[in-house]
Amino acid sequence: MSPNPLRRRALLAAGGAVAGSFALAGSASASPTRLPGTPREALEAILVGNRRFAAGHARHPHQTPARVRETAAGQHPFAIVLGCADSRVPPEVVFDQGIGDVFDNRVAGNIVDDLLLGSIEYAVEEFAPPLIVVLGHERCGAVSATLASLETGTPAPGHIAAIVTALTPIVAPYAGVPDGVELAVRANVRAQAEALVSTSEIVRESVERGRTLVAGARYDLESGLVTLVH
Ligand SMILES: [Zn+2]
């Protein structure tokens with residue numbers, strides 16, 4: 001899982017589109033199609049992309065056969081997303097990105113567990129992306145199910161119980177509270193973002209070096225807009 005300098009050189013030689021990715025390694029050159037190289041640039045890229053999407057002006061970048069071929073030899077995504085599996089919140093669509101741009105990790109309730117953390121740490125080690133986004137969303141079913149289980153005292157069936165168990169410590173304070181689902185969705189985004197940094201030495205080190213920003217965000221089902229959760 002260690003970075004592969006040979007492959008990175010090959011990618012660099014393959015075209016300017018990936019040149020910006022190497023800013024973190026200190027070897028970037030200017031390019032008209034430069035990828036976001038800093039945390040600020042990466043955050044701006046996904047938020048601007050989301051504004052395009054929500055306004056009906058999506059560009060659908062990086063979705064051509066040429067992009068497929070360009071990335072076949074290797075990927076260099078500029079963002080990692082930890083998002084919910086909800087079919088209405090696909091990161092590439094709502095951020096108006098394409099092939100090779102986003103390293104997706106999706107599970108109902110956008111929960112950090114060991115497997116998800118391994119997946120994210122792999123991407124941090126391998127691609128050194130400047131941004132990790134924890135993307136929750138309005139009326140999340142996993143959060144709603146956990147609150148319903150707590151409020152009614154009814155256990156969730158099957159392995160859904162594992163999700164309820166994972167979310168319970170975070171959302172329990174909002175059981176029976178007006179607007180509890182919305183408050184719990186935001187609390188869960190904050191908690192999972194904090195868990196990424198506190199649980200993972202690899203993520204923490206990257207954040208402390210200023211190479212990676214961990215941002216929490218909420219997707220609005222009605223407007224299609226993403227807003228940051230602090
Ligand atoms: Zn959800």
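**Aspartate 114, helix α6 and the zinc site in a predicted model**

Aspartate 114 lies in helix α5, which spans residues 114-127. The model described here is predicted. Aspartate 114 has a relative accessibility of 68% and therefore counts as exposed, the cut-off for that class being over 50%. A partner distant in sequence can be named for this residue: threonine 199 is 85 residues away along the chain, yet the two C-alpha atoms are 9.4 Å apart in space. Threonine 199 falls within the range of helix α8, residues 180-199, so the pair can be located by following α5 and then α8.

A step back to the whole chain helps to place these elements. The protein chain holds nine helices and five strands. Read from the N terminus, their order is α-α-α-β-α-β-α-β-α-α-α-α-β-β. The chain has 230 residues, and 45% of them count as buried. Among contacts with a separation of 6 or more, 68% join residues that are 24 or more positions apart. The accessible surface amounts to about 11,000 Å², with carbon and sulfur atoms contributing 58% of that area.

Helix α6 offers a convenient place to look at burial in detail. This helix covers residues 141-152, 12 residues in total, and extends 16 Å from its first C-alpha to its last, close to the 16 Å expected at 1.5 Å a residue. Its buried residues are Ala142, Val143, Thr146, Leu147 and Ser149. Viewed down the axis of α6, these buried residues fall within an arc of 160°, and so they line one face of the helix. The cover over them includes two further helices, α7 (160-171) and α8 (180-199). Just after α6 comes glycine 153, with a positive phi near 75°.

The model also contains a zinc ion, and its protein donors can be listed atom by atom. They are the SG atom of Cys84, the NE2 atom of His137 and the SG atom of Cys140, at 2.0 to 2.3 Å from the ion. The spacing of the donor residues in sequence is C-x52-H-x2-C. Two of these donors, histidine 137 and cysteine 140, are buried. Readers tracing the chain onward from the zinc donor Cys140 will arrive at helix α6, which begins at residue 141.

Notes
Residues numbered from 1 in each chain as written. Predicted model: local features only at pLDDT ≥ 70, side-chain atom pairs only at ≥ 80, totals over all residues. Heavy atoms only, no water. Helix = DSSP H or I, 4+ residues; strand = E, 2+ residues; numbered from the N terminus. Expected span 1.5 Å × (residues − 1). Buried < 20%, exposed > 50% of the residue type's maximum accessible area, 1.4 Å probe, protein only. Arc of directions from axis to C-beta. Contact = heavy atoms within 4.5 Å. Areas by Shrake-Rupley, 256 points an atom, 1.4 Å probe, with all protein chains shown as cover. Donors = N, O, S within 2.8 Å, 3.2 Å for Na, K, Ca; no water.
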